[in-house]
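Subject: Structure for you to look at

Hello,

Here is the structure I said I would pass on. Please open it next to this email and follow along as you read.

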Amino acid sequence: MNLRWFHALLILLSAALAVLFGVWCLGLYRREDGIGSLLAAVASFAVSFGLVAYDSWFLRKTRTL
């Protein structure tokens, strides 16, 4: 596995971790009704979307390497 694919895999795993954290925060919000956990979930999903977009851009940009 070359460095390009290793980097892409790590970014994808980070996005999956952000989604799992967002789901956990939503579960916490359902139990406790705290606005902080809802904001953390929304931020986590936004970060996950950004990481997937970055991963897509990175793979397109480094296709010729």
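Helices and strands here are DSSP runs, numbered from the N terminus, where a helix needs at least four residues and a strand at least two. On that basis the protein has two helices and zero strands. Its radius of gyration is 15 Å, well over the 11 Å that the globule rule gives for 65 residues, so the protein is more spread out than a compact globule. Please keep in mind that this is a predicted model.

Overall shape and surface

Taken along the principal axes, the C-alpha atoms fill a box of roughly 50 × 20 × 10 Å. The accessible surface of the protein is about 4,900 Å², and carbon and sulfur atoms hold 73% of that surface. Of the 65 residues, 28% count as buried. Among the contacts in the protein with a separation of 6 or more, 59% are between residues 24 or more positions apart.

The two helices

How far apart are the end C-alpha atoms of H1? They are 43 Å apart, which agrees with the 44 Å that its 30 residues should span at 1.5 Å a residue. Helix H1 covers residues 3-32. Helix H2 takes in residues 35-61, which makes 27 residues. From the first C-alpha of H2 to the last is 39 Å, close to the 39 Å expected at 1.5 Å a residue.

Just after H1, aspartate 33 has a positive phi of about 55°.

Each helix helps to cover the other. The buried residues of H1 are Arg4, Ala8, Ile11, Ala15, Ala18, Gly22, Cys25, Gly27 and Leu28, and what covers them includes H2. In H2 the buried residues are Ser37, Ala41, Ser44, Ser48, Leu51, Asp55, Phe58 and Leu59, and their cover includes helix H1.

Serine 37 and its contacts

A good place to begin looking is serine 37, which is in helix H2. Is serine 37 buried or exposed? The cut-off for buried is under 20% relative accessible area. Serine 37 has 12% relative accessibility, so it counts as buried. A polar atom of its side chain lies 2.9 Å from the backbone oxygen of glycine 34. Not counting residues up to four places away in sequence, serine 37 touches Cys25, Leu28 and Tyr29.

Two of those contacts can be followed from the other side. Leucine 28 is in helix H1, where it is one of the buried residues. Leaving aside neighbours within four places in sequence, leucine 28 is in contact with Asp33 and Ser37. Its C-alpha atom is 38 Å from that of methionine 1, with the two positions 27 residues apart along the chain.

Tyrosine 29 also belongs to helix H1. With a relative accessibility of 27%, tyrosine 29 counts as partly exposed. Beyond four places in sequence, tyrosine 29 touches Gly34, Ser37 and Leu38. Tyrosine 29 and alanine 8 are 21 residues apart along the chain, and their C-alpha atoms are separated by 32 Å.

Alanines 40 and 41

Further along H2 are two alanines that follow one another. What is the relative accessibility of alanine 41? It is 0%, so alanine 41 counts as buried. Alanine 41 lies in helix H2 and touches Gly22, Cys25 and Leu26, not counting residues up to four places away in sequence. Gly22 and Cys25 are among the buried residues of H1. The C-alpha atoms of alanine 41 and valine 19 are separated by 8.5 Å, although the two residues are 22 apart along the chain.

Alanine 40 lies in helix H2 as well, but it is partly exposed, with a relative accessible area of 24%. Outside its neighbours within four places in sequence, alanine 40 is in contact with Phe21 and Cys25. Measuring by eye is not needed here: C-alpha to C-alpha, alanine 40 and glycine 22 are 7.0 Å apart in space, and 18 residues apart in sequence.

To find your way around, start from serine 37 in H2, go across to Cys25, Leu28 and Tyr29, and then move on to alanine 41, which touches Cys25 too.

Regards

How values were computed
Residues are numbered from 1 along each chain as its sequence is written. This is a predicted model: local features need pLDDT of at least 70, side-chain atom pairs count only at pLDDT 80 or more; totals for chains, interfaces and linings use all residues. Side-chain values use heavy atoms; hydrogens and water are left out. The expected span of a helix is 1.5 Å times one less than its number of residues. Buried means under 20% relative accessible area, exposed over 50%, partly exposed in between (1.4 Å probe, protein chains only). Contact means heavy atoms within 4.5 Å. A polar contact is a pair of N or O atoms within 3.5 Å; within protein, one must be able to donate a hydrogen and the other to accept it, and residues adjacent in sequence count only if both atoms are side-chain atoms. The radius of gyration is taken over C-alpha atoms; the globule rule is 2.2 Å times the number of residues to the power 0.38. Accessible areas come from the Shrake-Rupley method with a 1.4 Å probe; for residues, only the protein chains shown count as cover.
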